[in-house]
Amino acid sequence: MNILLMGTDGRDTITRQEKRKFHAGGVACDCTDTLMLVHVSWARDRVSVVSIPRDSYAEIPAHRDEATGAMRAAHPGKINGAYAQGGPTLSVRTVEGMTGVRVDRYLQLDFRRFMDSVETVGGVEVCTPRPLRDKTTKLDLAPGTHRLGGGRALQYVRSRHVDDSADFGRIQRQQRFLIGALRGVRAQNVLADPLRAARLSRSLVGAARTDRGFSARQLLSLARVVERIPPSSMEFTTVPVSGFSTSLNGALEWDRAKATKVFRALGGDRPLTRPDSTARLSDPPRFGSPATVRGHTLACR
């Protein structure tokens, strides 16, 4: 099963007070700040997560523009802009076209859903060996381990001005956060409590379900499968990039040869790295050389 996890910058559903407290104001671009392609193996014994940089150069398919209703021809753009033009369906089509991987389901989270989900599991534990300070989100974490509630967790996963690694550093923190969230759900037996499990699935899914989105029941069923997979059987990477596009300002070009290798492995239900790999991410990450690591290397000790 292949799932596209989309974190949007939708903030209309959080309160004015929350926007001030967690520095989540500003004008939303109505785009996907986070894109993760998640593959659950056929044997249900491995999870592979490929993060897609939000500024990736993409070929956006022909579609009907959601704002104007007019048909728009296929055209180049940054991959995060597909959502603004055609919602989750166009985002899915764009990712499928770029990767050659069929997306079976998608999960879409805005600020409200994210914050509520974190609160439902009692916060998420993150750790850092160095200070993390961001001038935009006002994230300020000292070295060590921290349990973050919904608002502070939002600051953590949104921050991209901690250092010069920009979105690559943010992607690394998002991957660490995902491992922390999964460990927390398991440690607190959230899915064994019918009320908490139902509340979590409703927070994640929301009221709407369209096209290939999850229902709360489907998501809960998948969560129980993933919960049984240890972090050492999860693997994380980022789409390899070669540099900046010369035709689209600020867009990142993928290293097509390396990216094709990654997505062929996903499509073939093959692991991205050896089961005994001890590779670790550099912190901060180095541009253009993302490592593939096992999930337990991202977890707090």
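The questions and answers below cover the cores, salt bridges and selected residues of this predicted model.

Residues are numbered from 1 along each chain as its sequence is written, and side-chain values use heavy atoms, with hydrogens and water left out. Local features need pLDDT of at least 70 and side-chain atom pairs count only at pLDDT 80 or more, while totals for chains, interfaces and linings use all residues.

Q: How many residues does the largest nonpolar core have?
A: A nonpolar core is a set of buried Ala, Val, Leu, Ile, Met, Phe, Trp, Tyr and Cys residues joined through side-chain atoms within 4.5 Å. Buried means under 20% relative accessible area, exposed over 50%, partly exposed in between (1.4 Å probe, protein chains only). In the largest core, Val 47, Phe 114, Tyr 156 and Phe 177 have the most contacts inside it. Its residue count is 50.

Q: Which residues is Tyr 156 in contact with, leaving aside its neighbours within four places in sequence?
A: Contact means heavy atoms within 4.5 Å. On that basis, the partners of Tyr 156 include two arginines, Arg 173 and Arg 176. The others are Val 126, Leu 132, Leu 139, Leu 141, Leu 148 and Phe 177.

Q: How many residues are in the other core, which lies apart from the largest one?
A: Val 92, Val 95, Leu 252 and Trp 254 are among its members. This core lies apart from the largest one, and its residue count is 23.

Q: How far apart in sequence are the parts that Asp 55 and Arg 160 tie together?
A: Their side chains meet in a salt bridge (3.6 Å, N to O), a term for a side-chain nitrogen of Lys or Arg within 4 Å of a carboxyl oxygen of Asp or Glu. Helices (H or I, at least four residues) and strands (E, at least two) are DSSP runs, numbered from the N terminus. Asp 55 lies in the loop between strand 3 (47-51) and strand 4 (57-60), and Arg 160 in the loop between helix 4 (150-158) and helix 5 (166-187). The pair therefore ties together parts whose separation in sequence is 105 residues.

Q: Is Asp 55 buried or exposed?
A: The relative accessibility of Asp 55 is 14%. Asp 55 therefore counts as buried.

Q: In which helix do Asp 167 and Arg 170 both lie?
A: Their side chains meet in a salt bridge at 3.0 Å, N to O. Asp 167 counts as buried at 7% relative accessibility, and Arg 170 does at 3%. The two are 3 residues apart, about one turn, in helix 5.

Q: Which residues do salt bridges that share partners join into one network?
A: Asp 167 and Arg 170 belong to this network. So do Asp 55 and Arg 160. The remaining members are Asp 33, Arg 54 and Lys 78.

Q: What distance separates the C-alpha atoms of His 161 and Asp 134?
A: His 161 is found in the loop between helix 4 and helix 5. His 161 touches Arg 133, Asp 134, Lys 135 and Thr 136, not counting residues up to four places away in sequence. His 161 and Asp 134 are 27 residues apart along the chain, yet their C-alpha atoms are separated by 5.2 Å.

Q: Which residue's backbone oxygen does the side chain of Arg 46 reach?
A: Arg 46 is found in the loop between strand 2 (32-40) and strand 3. Arg 46 is buried, with a relative accessible area of 12%. At 2.9 Å, its side chain reaches the backbone oxygen of Asp 269.

Note on methods. A polar contact is a pair of N or O atoms within 3.5 Å; within protein, one must be able to donate a hydrogen and the other to accept it, and residues adjacent in sequence count only if both atoms are side-chain atoms.
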